[in-house]
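Biologist: I am new to this one and would like some help reading it. Could you show me what to look at?

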Amino acid sequence: MIVTCWTAATACGPAPSHDAESFPALDVVTEIDGLDHPWDVVAAPDGTLLTGERSGRFAVRRPDGSTGVLAADVSDLVVHDELGLMGIALAPDFAATRTLYTCQTHTTGEVTDIRVQAWTADLDWTVLAPTRVLVTGLPLSVRGRHGGCRLLPHPDGTLLIGTGDATQASAPQDPNSLGGKVLRVDAITGEPATGNPFADSAVYTLGHRNVQGLAIRPDTGDIYSIEQGTHRDDEVNRLIPGANYGWHPDTGDGFYDESVPMTDPDRVPGAIEAVWSSGPATIATASGSFVTGSGWGTWSGALAVGVLKGRQVRFLRLDPAGIRVIAEAIPPELTGTFGRIRTVAAQADGSLLVTTDNGNDDKVLRITPASRR
C-alpha cells in the first residue's frame, strides 16, 4: 500500500489527495552495484551510465553490460563529511562534444573551495580529461556541511548550479556570496548568463539553505529547487528569477541560527513560500526529477524526490500552475528497501535512475512503471 501525509503548512489550497490506486507498480533493476556513496548519475546518448563516488571514483556501465572505472585526475579533490565529488551533468551537445560537468571540492595551495569543472570523455568511456574550470569560489565549511551542489544544464545554453550556504550565517542573503543560491552561468565560459536578474552576477535566486536538487518541469519549463531544512521544513521551491526564498539565519553577530524558519517573511519581506514543505520534521530531500511517459499514467509529469533520512522516493503531483501539490505518493518498492536515496534522474524512455547513499554496496537502480495497482 502507498502511504502518504500532508504537512506543508505553507502550501496554498486544499491538502493533496492520497491517490494510491492510480500509482503504478514499479519494477526495480540494479544497473551498477558495489559502489561507495555515489552522488549523481547520468545516461549518455549511447546508453552508457556514468556515476561518481564522493571519493572521486567515476564508474560506468556500457551498453554491452560491461562496467569499468574511468581514469581521471582528481588529485585536487577534498573529501570529508558531505563534501567531495557531487553533481554530474552532461552538456546538451554531449553527443558532439563529449563534454560533461562536475561539482566538487578542490584544494590548491591555500585555496580550498567548491568549483564546477568541465571534462571530456573519450569514445570508449575509459578516460575523463579535464578541460576547463567554469566556476570557482563556492563556499564550504570546515565541518563539511551544506555544500550543495546540483548541476542542471538548460536548453538555452546556460548551466544552473544549486549551492549550499556552508553554514555561513550571512551567505544566503548576501548577493555577493555564491552560497545559499541558485546560480546561472554560461555553460561554455562560466560567466554570469545573459539576462540574469542582477547585473554582472551569477546569482539567479537567493535565500536558500542547501540546494540539493534542480529540475525542469517538462510541460511548462519552470525550474524547481529541492533543498534541505533544519530540524523541519525540507522544501520544494518554484524558482522565479531574482526571488528570495527567505532563509535568513544571521542574528547580526555572525551566529548561524538554525532555529529560524526556512521561509521567514518577517525577516525577509517578500520571501517566496515553498510549493511543498516536509513540515515539522525533515526527511532530508536530496534531489528531484520529473517523470514522464504513459507508463506513469496520471502520475506522468509528477516530481520524483529522492529522500535520504526518510529512505524513500516521494512523488509529488503539482497543479497546472505548478504552485501547489495536489497529490503525493510514496511507493513501497522504494521505501526502506534500498536505504538512503540520493539522486533520482528521469529518463526519456520513462524510466527513473536512482542512486543509493549508504556507504555499503551502494547501487544505481533503474525504476520502471510496470502496471496499475
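Modeller: Let us go through two loop residues, the cores and the pockets.
This is a predicted model, in which local features need pLDDT of at least 70, side-chain atom pairs count only at pLDDT 80 or more, and totals for chains, interfaces and linings use all residues. Residues are numbered from 1 along each chain as its sequence is written, and side-chain values use heavy atoms, leaving out hydrogens and water.

Biologist: Where is T48 placed?
Modeller: Strands are DSSP runs of E with at least two residues, helices runs of H or I with at least four, numbered from the N terminus. T48 sits in the loop between β2 (38–43) and β3 (49–53).

Biologist: Does T48 count as buried or exposed?
Modeller: Buried means under 20% relative accessible area, exposed over 50%, and partly exposed in between (1.4 Å probe, protein chains only). T48 counts as buried because its relative accessibility is 1%.

Biologist: With which side chain does the side chain of T48 make a polar contact?
Modeller: A polar contact is a pair of N or O atoms within 3.5 Å; within protein, one must be able to donate a hydrogen and the other to accept it, and residues adjacent in sequence count only if both atoms are side-chain atoms. For T48 the partner is the side chain of W125, at 3.3 Å.

Biologist: What about N244, buried or exposed?
Modeller: N244 is buried, because its relative accessibility is 15%. N244 lies in the loop between β16 (235–238) and β17 (276–277), and its side chain has a polar contact of 2.6 Å with that of Q173. A polar atom of the N244 side chain also lies 2.9 Å from the backbone nitrogen of G246.

Biologist: How many residues has the largest nonpolar core?
Modeller: A nonpolar core is a set of buried Ala, Val, Leu, Ile, Met, Phe, Trp, Tyr and Cys residues joined through side-chain atoms within 4.5 Å. The largest has 23 residues, and Y101 and V116 are among those with the most contacts inside it. Apart from it lies another core of 18 residues, including A327 and L334.

Biologist: Which classes of residue line the largest pocket?
Modeller: On a 1 Å grid over the protein atoms alone, a pocket is an open set of points where a 1.4 Å probe fits, with protein on both sides within 12 Å along at least five of seven lines; lining residues have an atom within 4 Å of a point. Ala, Val, Leu, Ile, Met, Phe, Trp, Tyr, Cys and Pro count as nonpolar, Asp, Glu, Lys and Arg as charged, and the others as polar. The lining of the largest pocket has 24 nonpolar, seven polar and three charged residues.
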